[in-house]
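Work through the exercises below with the sequence and the 3D view open. Try each task before reading its solution.

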Amino acid sequence: MKKILVTGGLGFIGSHTVVELQKNGYNVVIIDNLSNSTLSVLDNITSITGTKPEFHNIDLHNKKAVQSFFKQNNINGIIHFAAYKAVGESMDNPLAYYENNLGSLVYLLQEMKEHKIDHFIFSSSCMAYGTPEKLPITEKTPTNKAASVYANTKQIGEEIIQDSCKAYNKNAIALRYFNPIGAHESAKIGELPNGVPQNLVPFITQTAAGIREQLLVFGNDYDTIDGTAIRDYIHVVDLANAHIVALERLFNKKNKANFELFNIGTGKGSTVLEVIEAFEKATGKTLNYKITERRSGDIQEIYADPTLANNELKWKPEKSLEQALFDAWQWQKKQS
Ligand code: WQD
């Protein structure tokens, strides 16, 4: 049974990927420093799959701790989620982001070299493209200057991985996510934002649950069908499964280069008002919201052309926007 290290495995996307890995017969070990997750997620994963993943509370930018972990564990592949990911915070505290997101990546890649680990999946982001000139976005779309320090850590991270794969003959795939939303159908794992949610869907579900007074829609003066901004919202379970197929592409030596990049999105853009409407339709709830000013740093429209992942990874999203919003609501209702 192959042993897969999942860093950040107690986080939103990480935990859903651990569940899918275990469902596909992998032996999973999680490293997480609980800076943006809680230990209860470990029990929730176990209650879904019946198998408790091995867990180590390690800070990945503690080089000594990372080195001793790899001395004691024989790892066949790595899926690397652990990173700081708040766009606004990254602008206020760039050095914390560069040190954490890039320092930990370098230490992991050094251990791959030391311990002959050849397979690496990197959690990247559509933010790595910067502000797109042409839509939909393909993997050939040139990357513009990152719009935030967070996005820059993804752009630079990809370059670090590409250089190390070339120099040390390793194999890696970076998955550029669009907007992950939703929760596992069991409602036992989902998105657990710290404090006031930055992202749209957790703010919607917390408003519907009465935790937030009102959703503010950031701007309706964009040049879009209803004036509100457009994003490509993808169900987190569809996204988790993309990691399994990417890992198996590497294990089966189907990759066509040492370093490959895939957009993981639905290929469909939805406006904020369309998401609100879909939420109300999926849940029967009426949402209290009002239109306000644009949020600084937001772009008008971004959505994927997922053809490469569809053809090369044989991966296609299976769940609809309504399903994701329904699942997010089931999860929200279970939060105390
Ligand atoms: C979506 C839309 C907002 C909140 C996120 C992550 C980023 C990356 C991609 C990982 C925008 C609007 C939001 C609210 C609103 N993920 N909105 N009211 O900005 O696309 O980026 O996904 O790499 O890290 O931050 O997602 O959910 O914040 O916003 O009107 O209260 O919803 O203006 O148009 P975003 P988001």
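**Exercise 1. Overall form**

What radius of gyration does the protein chain have, and what would a compact globule with 336 residues have?

Solution. The model is a predicted one.
- Step 1: For 336 residues, a compact globule would have a radius of gyration near 20 Å.
- Step 2: The protein chain has 19 Å, which agrees with that expectation.
- Step 3: The C-alpha trace spans about 55 × 45 × 40 Å along its principal axes.
- Step 4: Secondary structure in the protein chain amounts to 11 helices and 13 strands.
- Step 5: Of the 336 residues, 52% are buried.
- Step 6: Take the contacts between residues at least 6 apart in sequence; 79% of them join residues at least 24 apart.
- Step 7: The chain has an accessible surface of about 15200 Å², and carbon and sulfur atoms hold 48% of it.

**Exercise 2. The ligand and its surroundings**

Describe the residues around the ligand, then list polar contacts to its oxygen atoms.

Solution.
- Step 1: The ligand is surrounded by 19 residues, and the closest are Tyr 150, Leu 200, Leu 216, Arg 231 and Asp 298.
- Step 2: Sorted by class, this shell holds 11 nonpolar, four polar and four charged residues.
- Step 3: Strand β8 (residues 215–218) gives the largest share of the shell, four residues.
- Step 4: In the side chain of Asp 298, an N or O atom is 2.5 Å from an oxygen atom of the ligand. For Asn 199, a polar side-chain atom lies 3.1 Å from a ligand oxygen. Gln 198 uses its backbone: an N or O atom there lies 3.4 Å from an oxygen atom of the ligand.
- Step 5: The ligand taken alone exposes 680 Å², and the protein buries 92% of that.

**Exercise 3. Two residues in helices**

Is Ile 276 buried or exposed? Answer likewise for His 16, and list what each residue touches.

Solution.
- Step 1: Ile 276 is part of helix α9 (residues 272–283). Its relative accessible area is 2%, so Ile 276 is buried, the cut-off being under 20%.
- Step 2: Leaving out neighbours within four places in sequence, Ile 276 is in contact with Ile 204, Leu 215, Val 217, Leu 287 and Tyr 289.
- Step 3: Thr 286 is 10 residues from Ile 276 along the chain, and their C-alpha atoms are separated by 9.0 Å.
- Step 4: His 16 belongs to helix α1 (residues 12–23). With 1% relative accessibility, His 16 counts as buried.
- Step 5: Not counting residues up to four places away in sequence, His 16 touches several residues, among them Ile 189, Val 236 and Ala 240. His 184 is also touched, and its backbone nitrogen lies 3.1 Å from a polar side-chain atom of His 16.

**Exercise 4. Unusual backbone geometry**

Which peptide bond is cis, and what is the phi of Lys 253 and of Lys 314?

Solution.
- Step 1: Most peptide bonds are trans, and most residues other than glycine have a negative phi.
- Step 2: The bond from Leu 135 to Pro 136 is cis, with omega near -5°. Pro 136 sits in the loop between β5 (119–125) and α6 (149–168).
- Step 3: Lys 253 has a positive phi, near 55°. Lys 253 lies in the loop between α8 (236–251) and β11 (259–264), and its relative accessibility of 67% makes it exposed.
- Step 4: Lys 314 has a positive phi of about 55°. Its loop runs between α10 (307–312) and α11 (321–334), and Lys 314 is exposed at 68% relative accessible area.

Notes:
Residues are numbered from 1 along each chain as its sequence is written. This is a predicted model: local features need pLDDT of at least 70, side-chain atom pairs count only at pLDDT 80 or more; totals for chains, interfaces and linings use all residues. Side-chain values use heavy atoms; hydrogens and water are left out. A residue is near a molecule or strand if one of its heavy atoms lies within 4 Å of it. A polar contact is a pair of N or O atoms within 3.5 Å; within protein, one must be able to donate a hydrogen and the other to accept it, and residues adjacent in sequence count only if both atoms are side-chain atoms. Accessible areas come from the Shrake-Rupley method with a 1.4 Å probe; for residues, only the protein chains shown count as cover. Helices (H or I, at least four residues) and strands (E, at least two) are DSSP runs, numbered from the N terminus. Ala, Val, Leu, Ile, Met, Phe, Trp, Tyr, Cys and Pro count as nonpolar, Asp, Glu, Lys and Arg as charged, and the others, Gly among them, as polar. Buried means under 20% relative accessible area, exposed over 50%, partly exposed in between (1.4 Å probe, protein chains only). Contact means heavy atoms within 4.5 Å. The radius of gyration is taken over C-alpha atoms; the globule rule is 2.2 Å times the number of residues to the power 0.38.
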